[in-house]
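Thanks, everyone, for making time this morning. I would like to walk through one structure with you, going from a single strand outwards, so please have a look at it before I begin.

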Amino acid sequence: MDVTVIGCGYVGLVTGTCLASLGHTVRGVEKDPRKLKMLQDGHCPVFEPGLQELMQEHYASGQLQFTGNVKSALKEAEVVYLAVGTPPKDDGTVDMSFLEGAGKEVCDALVALNNEYMVTIVVKSTVPAGTNRKLYNFLKQQTNAYVQVVSNPEFLREGSAVKDFLEPDRIVIGGESPEAFRMMRRLYDPIIKREEHFMTMAWESAELTKYAANAMLAARISFMNEMTILCEAYGADIEDIRKGIGTDFRIGPAFLRAGCGYGGSCFPKDVAALEHISKAVGHENLFVEAIQTVNKNQKQRFVQKIVEKLGRPIEGATIAVWGLAFKADTDDIRESAAIDVIRYLLEKGAHVRATDPKAMENMKQLFKEQVEWFPDPVSAAAGADAVALLTDWPQYSTLPFRKIAATMNQPIIFDGRNCLHRDVMRETGFQYYPMGRPAVENTLRLKTRV
Ligand SMILES: NC(=O)c1ccc[n+]([C@@H]2O[C@H](COP(=O)([O-])OP(=O)(O)OC[C@H]3O[C@@H](n4cnc5c(N)ncnc54)[C@H](O)[C@@H]3O)[C@@H](O)[C@H]2O)c1
């Protein structure tokens, strides 16, 4: 089929590339000139495992193309995805300006092209309930084009986005047109393994499904984070509790890992949006408020633990931050816990050093000279008073800890992701503070400070 994808960020580029890999002809439209140039030069503007290779393969074959021109991209299009950002405004409500802008451009192109066949507009962006209906009514008023609108929320996770797209647990399509549903069923045919995984529903149900999914996942994390307080107070281990409840089939094991708080481009903004979507209909959603409060507190609690356990004043102390991306396998720092933790540390007068295998360039834009940047965790830790581990990069668990301990001013690690091994920490001479797990405290051999 002939597909246009408006917006070539994390979601749009994965969508376009994967659809091209399924045999569809895809035109990606990107308005950011820097990103467009990279795409047209055959480079992937974001880091996502497997994406660059797949994109280059289908770009080279001509199955996937990139342009800045909506009208030319829509000329043959049967299906048009809107995959633009819906970032949070300062007050937590959703900034709809990109979606409105893209909707208007598509509308103008449809008017100008005056095609005779049906065009299905697919809203991939995460949008408040009522948005798809509004877009449909707008297009009906403004054009004579034969146009349908469906909501198709995306559930991919950065870091495994290509696999998630090509092997979805479910595909949710919201709308009112059986013809558009059939179109989407055909489009996704190669990746639908079981018929019941292709779900059609009302626009508003699909829109709210996305927010409900993210709020539910964020709630599980916040719940476990809240439990870390009890674990630390009573000497319990959150990892044992995770296994103890995660094996209950009614609960399941996913998203039960405690840490120093969730981040990313989706959970924080979507949970905040749900609070405002609730307010818009006069409902104060105490549940989603609590998810966010716990998340904010957890980051502060992590820094407070550093202050209490550092063994010297935080002011003037050197803290090496390992990991800046909001999770492993991405360069995305949007609302990463590292941003808040670094801010709190700087506010308290600490010297912050930072390193990350993929996200350092993005974080440099934010903190510039306020932070010292290091190419790897070993050099970042040398001479530091403590390490704060904030991203669960797998390579961090196999570092040469004995060597690192010997070069640090004080061998202390605050593990905000519970991803290091306690025994390794003890054996290599570290004082070790995970979240909600017993600490390793007796190995500290402070060097004499001059
Ligand atoms: N990133 C995720 O993990 C994820 C997962 C599921 C859903 N979502 C949702 O998907 C949507 C997109 O998220 P993202 O992370 O890909 O955002 P992004 O910011 O990475 O990408 C959006 C892209 O759209 C481009 N753009 C904006 N307006 C345009 C226009 N009029 N024409 C052409 N290009 C335009 C921007 O330049 C940008 O490159 C959001 O609503 C988000 O909530 C994201």
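Which residues of strand 12 lie on one side and which on the other, and are they buried or exposed? In this predicted model, Ala386 and Ala388 are on one side of strand 12 while Val387 and Leu389 are on the other, and all of them are buried, which leaves both faces of the strand covered. As a reminder, side chains in a regular strand alternate between the two faces of the sheet.

Let me turn to the neighbours of strand 12, which covers residues 386-389. It runs parallel to strand 9, and four bridges join the two; within that pairing, Ala320 has Val387 as its bridge partner, and Val321 is partnered with Ala388. Strand 12 also runs parallel to strand 13, residues 412-415, with three bridges between them, and here Val387 appears again, this time with Ile413 as its partner in strand 13. The link between these two strands includes helix 16, residues 401-407, and together strand 12, helix 16 and strand 13 make a right-handed β-α-β unit.

Now to strand 9, residues 318-322, which is mostly covered, with four of its five residues buried. Besides its pairing with strand 12, strand 9 is joined by five bridges to strand 10, residues 351-355, and these two also run parallel. One of the partnerships there is that of Thr318 with His351 in strand 10. A right-handed β-α-β unit is found here as well, made by strand 9, helix 13, which covers residues 337-347, and strand 10.

Two loop residues deserve a careful look, and I will take them one after the other. Lys368, in the loop between helix 14 (360-367) and strand 11 (371-373), has a phi near 40°, a positive value in a residue other than glycine. Lys368 counts as exposed because 9 other C-beta atoms lie within 10 Å, and the cut-off for exposed is 12 or fewer. Asn418, in the loop between strand 13 and helix 17 (422-427), likewise is not a glycine and has a positive phi, of about 50°. Asn418, however, counts as buried, because 21 other C-beta atoms lie within 10 Å and the cut-off for buried is 20 or more.

What surrounds the ligand? The shell holds 28 residues, and the closest are Gly7, Gly9, Val11, Ser125 and Thr126. Helix 1 (10-21) and helix 5 (97-113) each supply at least two residues of this shell, and helix 5 gives the most, with four. By character, the shell residues divide into eleven nonpolar, nine polar and eight charged.

Finally, the chain as a whole. Its secondary structure comes to 17 helices and 14 strands, and 46% of its 450 residues count as buried. The C-alpha trace spans about 80 × 45 × 40 Å along its principal axes. The radius of gyration is 24 Å, which agrees with the value near 22 Å that a compact globule of 450 residues would have. Of the contacts with a separation of 6 or more, 70% come from residues 24 or more positions apart.

That is where I will stop, and I am happy to go back to any part of it.

Notes: Residues numbered from 1 in each chain as written. Pairing = 2+ DSSP bridges. Right-handed = clockwise from strand over helix to strand, strands pointing away. Near = placed C-beta within 6 Å. Nonpolar A, V, L, I, M, F, W, Y, C, P; charged D, E, K, R; others polar. Rg over C-alpha atoms; globule rule 2.2 N^0.38 Å. Contact = placed C-beta atoms within 7 Å.
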